[in-house]
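Work through the exercises below with the sequence and the structure in view. Each task is followed by a solution in steps.

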Amino acid sequence: MPGLIGKKIGMTSVFSAEGKNIPCTVIEAGPCVVTQVKSAEKEGYDALQIAYAEKKEKHTTSAMKGHFKNANTTPKRKMHEFSGYKNDWKLGDSITLDIFKDDSFVDVVGYSKGKGFQGVVKRYNFKGVNDATHGQHNRLRAPGSLGASSYPSRVFKGMRMAGRTGNQRTKVLNLEVVKIISERNLIIVKGSVPGSKGSYLIVEK
Amino acid sequence: MDILKEIEQEFLTENNFPDFKSGDTISVHYKIKEGNKERIQIFKGVVIQRKGSSITETFTVRKMSNNVGVERIFPINSPFIDKIEVNKFGRVRRARIYYLRELTGKKARIKEKRF
């Protein structure tokens, strides 16, 4: 799906025309530069590679410098490939939020906030032990049994246990577009999006 | 952060409510929609707190209704608020007078501010 790379600015709330208080997220998206046009003849599939956010030249490898020079642009920090764009985009073109102007819903992809090493209650919404009494002690948030005993004599693969939580690619579908301010590259969507303020996001149709 | 503030400013609509803070007794004239009809309900009580800033600012009003404490939180920028009247300016020492929740009867009185 066609989309843009953006940055989460933060959350606030606005009042709708009916007077309802809508929680919403402000996202700065685009303008993104087309850095490569992939075609079915050359690469085997149609896609657009676009880039967003300035990067210092001294932090750019020579190979990437050449890549950006081809597109006649400055080095960029984030790149992403989108299929589904119409073919009329050319190398070096700048894509803005105008592509969303007919849409009332968008999808947003981001990396959720990292939570560190967490137990199963937070990580997988296990219930833990519901009683603090009846012989229970110090196992209120324990996972319980990991499986049967002599058969199978092992713990099945993929058994949900404690571990690193968050910082995972997460996609939120069908967020309502509250407002698009194209002259400042801002899009306001209803609801929350993954990640912390300032983290990079992908806004898709 | 600044972008957020600018956006909040854009969505903010002017209101000319009088200044009030915690300890004051106010009447909030609140528009209520019932089907197609609109009527105004008045909620009168003591302001317990004001919270948040700009478009997300809210205030809490507490009143005693049949000896039961009722608290209501209003977003100050809500388009449903028709009017706010300040009935009494109270003199309190803190910005959030939660201690009022534990008090009833004569103890729950607030001294009036003298000018």
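## Exercise 1: A salt bridge in chain A

A:Glu204 is buried, with a relative accessible area of 10%. The model is a predicted one.

Task: Find which side chain A:Glu204 meets in a salt bridge, and state which elements the pair ties together.

Solution.
Step 1. The side chain of A:Glu204 meets that of A:Lys171 in a salt bridge, at 3.1 Å from N to O.
Step 2. A:Glu204 lies in strand β12 (residues 200-204) of chain A and A:Lys171 in strand β10 of chain A, so the pair ties together parts that are 33 residues apart in sequence.
Step 3. Buried means under 20% relative accessible area. A:Glu204, at 10%, is therefore buried.
Step 4. A:Lys171 has 42% relative accessibility and counts as partly exposed.

## Exercise 2: A second pair in chain A

Task: Describe the salt bridge between A:Glu81 and A:Lys38, and decide for A:Lys38 whether it is buried or exposed.

Solution.
Step 1. The closest N and O atoms of A:Glu81 and A:Lys38 are 2.7 Å apart.
Step 2. A:Glu81 is in strand β5 (residues 76-82) of chain A, and A:Lys38 is in strand β3 (residues 32-38) of chain A, so the salt bridge ties together parts 43 residues apart in sequence.
Step 3. A:Lys38 has a relative accessible area of 14% and is buried.
Step 4. A:Glu81 has a relative accessible area of 30% and is partly exposed.

## Exercise 3: Where the two chains meet

Task: Describe the interface of chain A and chain B by its contacts, its buried area and its salt bridges.

Solution.
Step 1. On the side of chain A, 18 residues are in contact with 15 residues of chain B.
Step 2. The size of an interface is often given as the accessible area lost when the parts come together. Between chain A and chain B, about 1,400 Å² is buried, and carbon and sulfur atoms give 70% of this area.
Step 3. The rule finds 2 salt bridges across the interface of chain A and chain B. In one salt bridge, the side chains of A:Arg184 and B:Glu10 meet at 2.6 Å, N to O. A:Arg184 and B:Glu10 also belong to a network of salt bridges that includes B:Glu6.
Step 4. The interface also has 3 residue pairs in polar contact, both residues at pLDDT 80 or more.
Step 5. On the side of chain A that touches chain B, the elements giving two or more residues are β1 (3-15), β2 (21-29), β10 (169-181) and β11 (186-190) of chain A. The largest share, 7 residues, comes from β1(A).

## Exercise 4: One loop of chain A

Task: Locate A:Val155 and A:Pro152, and say what is found at each of them.

Solution.
Step 1. A:Val155 is placed in the loop between α2 (120-124) and β9 (163-165) of chain A. A:Pro152 is found in the loop between α2 and β9 of chain A.
Step 2. The peptide bond from A:Tyr151 to A:Pro152 is cis, with omega near 10°.
Step 3. A:Val155 has a relative accessible area of 39% and is partly exposed.
Step 4. A:Val155 forms a nonpolar patch on the surface with A:Leu146, A:Phe156, A:Met159 and A:Met161, and together they have about 380 Å² of accessible area.

## Exercise 5: Chain B

Task: Outline chain B, then look at B:Ser54 and at the salt bridge of B:Arg50.

Solution.
Step 1. Chain B has 1 helix and 5 strands, and from the N terminus on the order is α-β-β-β-β-β.
Step 2. The C-alpha trace of chain B spans about 45 × 40 × 25 Å along its principal axes. Chain B has 115 residues, of which 33% count as buried.
Step 3. B:Ser54 is in the loop between β2 (37-51) and β3 (58-65) of chain B. Phi of B:Ser54 is near 50°, a positive value in a residue other than glycine. At 23% relative accessibility, B:Ser54 counts as partly exposed.
Step 4. The side chains of B:Arg50 and B:Glu57 meet in a salt bridge of 2.8 Å, N to O. B:Arg50 is partly exposed, at 27% relative accessible area, whereas B:Glu57 is buried, at 16%.

Note on methods: Residues numbered from 1 in each chain as written. Chains lettered and ligands numbered in written order. Heavy atoms only, no water. Patch = residues over 30% accessible without salt bridge, like charges linked within 9 Å, V, L, I, M, F, W, Y side chains within 5 Å. Areas by Shrake-Rupley, 256 points an atom, 1.4 Å probe, with all protein chains shown as cover. Salt bridge = Lys/Arg side-chain N within 4 Å of Asp/Glu carboxyl O. Helix = DSSP H or I, 4+ residues; strand = E, 2+ residues; numbered from the N terminus. Buried < 20%, exposed > 50% of the residue type's maximum accessible area, 1.4 Å probe, protein only. Contact = heavy atoms within 4.5 Å. Buried area = accessible area lost by both parts, 1.4 Å probe. Polar contact = N/O pair within 3.5 Å; in protein donor to acceptor, adjacent residues only side chain to side chain.
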